[in-house]
Amino acid sequence: MSQTSVVFPNPACFHEENGTVRLIAGECPSCGRRFFPKEDWCPNCLSTELKARLLSPVGTVYTYTVVHQKSGMGIPSPYVLAFVDFPEDVRVLMQLETNPQDVRIGMEVSVVLGKIGVDDQGNDLISYKGRPAGRRDV
Amino acid sequence: MREVAIVGAGMSKFGKFPDKTLARIGQEAVWAALKDAGIDKNRIEAAYVGNARGGRIVGQRVLRLMGLAGIPVINTENACSSGATALREAFIAVAAGIHDVVLVVGVEQLSTIVRGALPLDREDIEVNHGLIMPALYAMRAKRYMHEYGLQSHHLAKVSVKSHRNATLNPYSQYQKEVTEEEVLASRMIADPLTLLMCCPTGDGAAAVIVCAREKAGRFTHKPVYIKASVLVSGKYEPGIRDMTYPEITVRAARQAYEMAGLGPEDLSLAQVHDAFSISELMYYEALGFCGRGEAVKMIEEGATELTGRIPVNTDGGLLSKGHPLGATGISQVVETVWQLRGQAGPRQIQNPKAGLTHCTGGGLSGLDHGACTIHILSR
């Protein structure tokens, strides 16, 4: 069996400290807009002075679905996907670590790191996910 | 700008034809359009060919054996709006006086390359995190349900209507009526969307001959005029936005109505991008057929049935006629031409004056969609 390991497909998108995971958005000092993920320049005014802005560790589910179809990313179905709104006016799509029947629009989720799929070499893909706020594990 | 007419329209049967080539499928539509126009192929000055996933020089592959090699061939790709994007390029060239008579083709063959949900671009961060197209529409549906009291059986009603219309259209991929119960009981794809609330993948082609109005009389006594031809791309707005009201369609519709000098109340019928049953309902509102949150009432009252106030997806739509990406936008136009000429057979609506066709294309994070095209046609 070949050795598989762990891959972070979007390592620049989050910051982890003392078990708290925060997403990193870009904030433009010229026009004030915020974007996730942070890019090298502002997609609105093209300023290259973009600052990193750590988002609140907890967001609110704007909408969600339980996917029963294969995604092509090696995710076993069913899995839960949600658009999560952060107080900084940023919306991020993420998988939720929760029982499908427990998800509600408006529920709060904490950002965590977890497996989001498997790549073509069989490596686990680890990235940001949401977990119902207040829960330590699943 | 010159006025522009459609003087010929034809399409291939939609379905799964893995034993045919992409070129052959396209040729069937070109044959049909040329024959319908009664035009000498040597009058065609250029060809605009929309395709999303067939690879390179699709137009040349289709036209090589049609005696049309040598003319300018413009291949367009804009995901599900590829065909309608080709039509807009043709419209511009004829309106501007660069060409008098051109051919527009939309063609796609998916049966040989995909099964199930279409794979999306893996460099997209949302695709990376598990997004597939049915899931995106499912999340729009969930939010719409939350805000406006939409229920699953309303979504099923859209599929029932589309399947019923498709049984009256010999070109449709699906030829069978379904009940609300069957739609709701079909396999769950992405909650609340079941299999029968999702369009199938498939193969097909459609073609039209586009011509300057002043020359149209030579080919047909029933020209159909292109009153508006609009293409917009999605705005990059990754932040908080209302996912129940697709801004790209709202924006394109506003431009189209202004260009045509018509409003939604002037339309006799519409073909909208019902890739999933929720989208048809959201587009009733985005295209101005009803107010915000009133789509449920429209489908419940039968306002968009063949006999309703504004029949929508008279040919079965993407849900039942099928959705060979690049072909879809042109097939919507073919259906509208047939309806406006009174040639739509058992699904003919009464005395239509004007019709709208609408396609959105492509999933990309931060954008509502990659592209949106709207055409308004009239007698």
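Colleague: Two residues are in contact if their C-beta atoms, placed from the backbone, lie within 7 Å. Taking chain A contacts between residues at least 6 apart in sequence, what share join residues at least 24 apart?

Modeller: In chain A, 48% of those contacts join residues at least 24 apart. Keep in mind that this is a predicted model.

Colleague: And in chain B?

Modeller: For contacts in chain B between residues at least 6 apart in sequence, the share joining residues at least 24 apart is 78%.

Colleague: How many helices and strands does chain A have?

Modeller: Chain A has 0 helices and 10 strands. From the N terminus on, its elements run β-β-β-β-β-β-β-β-β-β.

Colleague: What box do the C-alpha atoms of chain A fill?

Modeller: Roughly 50 × 40 × 30 Å along the principal axes. The radius of gyration of chain A is 16 Å, which agrees with the value near 14 Å for a compact globule of 138 residues. Buried residues make up 36% of the chain A residues.

Colleague: OK, chain B. How many helices and strands?

Modeller: Chain B has 13 helices and 11 strands. Its C-alpha atoms fill a box of roughly 55 × 40 × 40 Å along the principal axes. Of its 379 residues, 63% are buried.

Colleague: What radius of gyration does chain B have?

Modeller: Chain B has 19 Å, and a compact globule with 379 residues would be near 21 Å, so the two agree.

Colleague: Into which domains is chain B divided?

Modeller: Domain 1 covers 4–113 + 202–225, and domain 2 covers 125–198 + 228–378. Their C-alpha centres lie 23 Å apart. The contact between them takes 38 residues from domain 1 of chain B and 34 residues from domain 2 of chain B.

Colleague: Which element gives the largest share of the domain 1 side?

Modeller: Helix H3 of chain B, with 7 residues. By class, the side of domain 1 that touches domain 2 divides into 20 nonpolar, 12 polar and 6 charged residues.

Colleague: Which residues touch the most other members of the largest nonpolar core?

Modeller: Those are B:Val102, B:Val104, B:Val105, B:Ala207 and B:Val208, in a core of 164 residues. That core draws at least three residues from each of domain 1 and domain 2 of chain B.

Colleague: Take B:Val102. What does it touch?

Modeller: Leaving out residues up to four places away in sequence, its contacts include B:Ile44, B:Tyr48, B:Ala90, B:Val94 and B:Val210. B:Glu45 is also among them.

Colleague: Different topic: H13(B). Is it mostly covered or not, by its buried residues?

Modeller: H13(B) is mostly covered, with 16 of its 17 residues buried. The helix spans residues 325–341 and reaches 25 Å from its first C-alpha to its last, close to the expected 24 Å. Just after H13(B), B:Gly342 takes a positive phi of about 80°.

Colleague: Last thing, the two chains. How many residues does the contact take from each?

Modeller: It takes 34 residues from chain A and 26 residues from chain B. On chain A, the elements that give two or more residues to that side are strands S4 (34–35), S6 (58–67), S7 (79–86), S8 (90–96) and S9 (108–118).

Colleague: Which of them gives the largest share?

Modeller: S6(A), with 6 residues. By class, the side of chain A that touches chain B has 19 nonpolar, 10 polar and 5 charged residues.

Key:
Residues are numbered from 1 along each chain as its sequence is written. Chains are lettered from A and ligands numbered from 1 in the order in which they are written. This is a predicted model: local features need pLDDT of at least 70, side-chain atom pairs count only at pLDDT 80 or more; totals for chains, interfaces and linings use all residues. Helices (H or I, at least four residues) and strands (E, at least two) are DSSP runs, numbered from the N terminus. Ala, Val, Leu, Ile, Met, Phe, Trp, Tyr, Cys and Pro count as nonpolar, Asp, Glu, Lys and Arg as charged, and the others, Gly among them, as polar. The expected span of a helix is 1.5 Å times one less than its number of residues. A residue is buried if 20 or more other C-beta atoms lie within 10 Å of its own, exposed if 12 or fewer, and partly exposed in between; C-beta atoms are placed from the backbone. A nonpolar core is a set of buried Ala, Val, Leu, Ile, Met, Phe, Trp, Tyr and Cys residues joined through C-beta atoms within 7 Å. Domain bounds come from an automatic or database domain assignment. The radius of gyration is taken over C-alpha atoms; the globule rule is 2.2 Å times the number of residues to the power 0.38.
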